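These are my notebook entries on domains, strands and helices. I wrote down each item as I looked it up.

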Amino acid sequence: MRVLAAMSGGVDSAVAAARAVDAGHDVTGVHLALSRNPQTYRTGARGCCTLEDSRDARRAADVIGIPFYVWDMADRFHEDVVDDFVAEYAAGRTPNPCLRCNEKIKFAAVLDRAVALGFDAVVTGHHARLGADGLLRRSVDLAKDQSYVLAVLTREQLDRSVFPLGDSTKAQVRAEAARRGLAVAEKPDSHDICFIADGDTRGFLAQRLGEQPGDVVDATTGAVVGTHAGAYAYTVGQRRGLHLDRPASDGRPRYVLSITPKTNTVTVGPAEALDVSQVRANRPIWTGGPRPDGPIECEVQLRAHGDVVPATVALDGDTLHAELRRPMRGVAAGQAVVAYRPDPAGDIVLGSATIAG
Amino acid sequence: MAYLDHAATTPMLDEALAAYVATARELGNASALHAAGRQARRRVEESRERVAAALGARPSEVIFTGGGTESDNLAVKGIFWARRTSDADRRRVVSSAVEHHAVLDAVDWLGEHEGAEIGSLPVDSAGRLDPAALRTELAAHGDRVALVTAMWANNEVGTVQPIGELAAVAAEHGVPFHTDAIQAVGQVPVDFAASGVSALTVTGHKLGGPVGVGALLLGRDVAATPLLHGGGQERDVRSGTLDTAGIVAFAVAVEAAVKGQQEYAARVAELRDDLVERVRQAVPDVVYNGDPGDRLPGNAHFSFPGCEGDALLLLLDAQGIACSTGSACSAGVAQPSHVLLAMGADDARARSSLRFTLGHTSSRQDVDALVAALPGAVERARRAAAYRAPR
């Protein structure tokens, strides 16, 4: 196949590209420039999209011996990921930008452009398995598994994707990179959100959405217990940084239960009020077999790196319902619910949907 | 490989490479006083005379530098500083809108850091400067202008400027005139004295010499404040140990390029005209950019409607055809060309452009390879164009 390897400048995508070459593919490396001004994004080794990352990707491509280009995807990235991120927070939801980037950039804009240019597939360094059966499975390295952020991909997108790293642990990938002479072998992992340079999500949102003072209301008493500078700065399940004016009547800690953009209200309450047993989600995508007609038993994961919980999942038109076997906390609108079927060869992604608010 | 990017760099001439290797084996710092030093100095001075003779300058007007970017920076900043020192009111720098970044960014830097006031000369849709616009500029601001800088020929679209006329206008107002002639030397006749310019940039690797060596021809009566301080090797305007081997090879290449210019231009222009004609047949809606007549013989520059230049480049590269989007890069990302924008092109047309440049090793086979690959690449690039622009 003629494949396009998306190369971030990190160790994973470098090894993935090298393995694609070993597998006999005709590989071309591409670094996605996602920042309109590379200097404004995180500098140093932790992030992505810096000039240094672009250089690291280029050097990896040199060592692997493949052509290398930089594709400017900044405008699309800003519209589909950054602007969406801000709009989702403004709407009281908690977006996952990595998932959105996969859905809209890497496996959409980039993949579509690649196909139009004559490539058959896109190769990435995601830690997930995608075998000949077409099923997306968790990586053997559960700590690094990225199947959650890939579960938004449709059948068509998966059919044009190659994930060469799913059978390896991160440690194995690093060792292989060193063996191959790739300078990024010891490069630290990226964390957090690549387009928020200092990691200060609240400050990033405040800069774009401005101060919007409102009330913090206790769900138990209905009383106003504090004020906030912008409801967008809060996430369901959050405990720190509430700055309540007075302690709760029961003396117990308070957590964010919900955000209501219409009234600009943040509602807080005791921990047990966070318990959620039923999840409703929109825009389901089902790739782990035929779409089920009735309820099925499976496991669900409700946020990146979150716990999994057994559940009964049913699809109803454009809605997914999940009945959790035990209550979960910190279930936030805007995150994905991903359904898995446990499997000895790696838990299989059945489908996903966006948790409704 | 079909190499159609000679304006980026062109292969060294055999005689220049031989001269380089032979000289690089010799020992001696040209500033040293002993026999080895004198030998190196002799090589440098012979080279200075050869460059001067080939380009219509006096030997004392040849300042060897580390290449085009240094020469441009030395001319723009050095003449600005010297003029401002002698007359504090002379703070205005006038440049054309289509200069190379080595000039444009130097001018912008003076604006941001040295309080320079910037005047920009527009171009027409063919990328051509109008001497009347310079006349108007100097009539309005002449007593405040430190220098005027305008390139001899454009590196992207190949348009050759009326340098003699522009220099004459500047001379009427007593304003020094610098020209970046990097793309022009060896391609069109260039004579420093006859052109009337005060300073002229030339570099080695665009004409068959090595990378990293060039010259600024600087009139004897034109003062320039140095960028680099040190041993004062070059007329006290430029310091740094002289690169004897590079200078010798550069001089050999300049001499050969100038001597062979007419024959070269005729041969390469014929190939280029054939390329243009066949590209037009293969892609009927292609737009041929630049001045159709007054242009560099090896330059063909097109916009391919509905395509993105970087997609076309990737597709052609995969078939062994080397060309250029002709625009500046930051982190490898192609920006829409300021040259095309200055010529009135919109963003989409600027981004749809590719530059093919022929040189002394070009052959009909190179053109054949391009014409064979182009229609398929254009078709694919058109299909791909939908996937990047914001919706």
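**Entry 1: strands of chain A.** I began at Ala281(A), which stands opposite Ile355(A) in β17(A). The model is predicted: I accept local features at pLDDT of at least 70 and side-chain atom pairs only at pLDDT 80 or more, while totals for chains, interfaces and linings use all residues. Residues are numbered from 1 along each chain as its sequence is written, and chains are lettered from A and ligands numbered from 1 in the order in which they are written.

Strand β17 of chain A covers residues 348-355, and I found it joined to β12(A) by four bridges in the antiparallel sense. I noted that two strands pair if DSSP finds at least two bridges between them. Helices (H or I, at least four residues) and strands (E, at least two) are DSSP runs, numbered from the N terminus.

I then looked up β12(A), residues 276-286, against β15(A), residues 319-328: six bridges join these antiparallel strands. Within this pairing, Gln278(A) has Glu323(A) of β15(A) as its bridge partner.

**Entry 2: domains of chain A.** I recorded domain 1 as 2-125 + 164-186, domain 2 as 211-273 and domain 3 as 274-355. Such bounds come from an automatic or database domain assignment. The C-alpha centres of domain 1 and domain 3 of chain A lie 28 Å apart.

How many residues of domain 1 of chain A are in contact with domain 3 of chain A? I found seven, and they meet six residues of domain 3 of chain A. Contact here requires that the C-beta atoms of two residues, placed from the backbone, lie within 7 Å. On the domain 1 side of chain A, I listed two nonpolar, three polar and two charged residues. For these classes, Ala, Val, Leu, Ile, Met, Phe, Trp, Tyr, Cys and Pro count as nonpolar, Asp, Glu, Lys and Arg as charged, and the others, Gly among them, as polar.

**Entry 3: a sheet in chain B.** I traced an open sheet of seven strands with mixed pairing, in the order β2-β8-β7-β6-β5-β3-β4 of chain B. Which strands are at its edges? They are β2 (62-65) and β4 (117-121) of chain B, each pairing on one side only. Neighbouring strands of this sheet are turned by 20 degrees against each other on average, direction ignored. I noted that axes are lines fitted to C-alpha atoms, for helices over the stretch in contact, and that angles run from 0 to 180 degrees between N-to-C directions.

I followed β2(B) to β8(B), residues 214-218: the two run antiparallel and are joined by four bridges. Phe64(B) has Ala215(B) in β8(B) as its bridge partner.

**Entry 4: helix pairs in chain B.** I looked first at α5(B), residues 131-141, and α6(B), residues 163-172, whose axes come within 9 Å and cross at roughly 15 degrees. The two helices are therefore roughly parallel. Angles under 35 degrees count as roughly parallel, over 145 as roughly antiparallel, 65 to 115 as roughly perpendicular and the rest as oblique.

The crossing of α5(B) and α6(B) is right-handed. A crossing is right-handed if the near helix is turned clockwise from the far one by less than a right angle, and left-handed if anticlockwise. Pro131(B), Leu134(B), Arg135(B) and Leu138(B) of α5(B) meet Glu165(B), Leu166(B), Val169(B) and Ala170(B) of α6(B). By class, I recorded six nonpolar, no polar and two charged residues in this contact.

Next I took α2(B), residues 35-55, with α8(B), residues 244-259: their axes come within 9 Å and cross at roughly 25 degrees. That angle makes α2(B) roughly parallel to α8(B). Is the crossing of α2(B) and α8(B) left-handed or right-handed? I found it to be left-handed. Residues in the contact include Val44(B) and Val51(B) of α2(B), and Ile247(B) and Phe250(B) of α8(B). The classes are eleven nonpolar, two polar and three charged residues.

**Entry 5: domains of chain B.** I recorded domain 1 as 2-9 + 261-386 and domain 2 as 14-259. Their centres, taken over C-alpha atoms, are separated by 28 Å. In chain B, 24 residues of domain 1 are in contact with 28 residues of domain 2. The largest share of the domain 1 side, three residues, comes from α9(B). That side divides into nine nonpolar, eleven polar and four charged residues.
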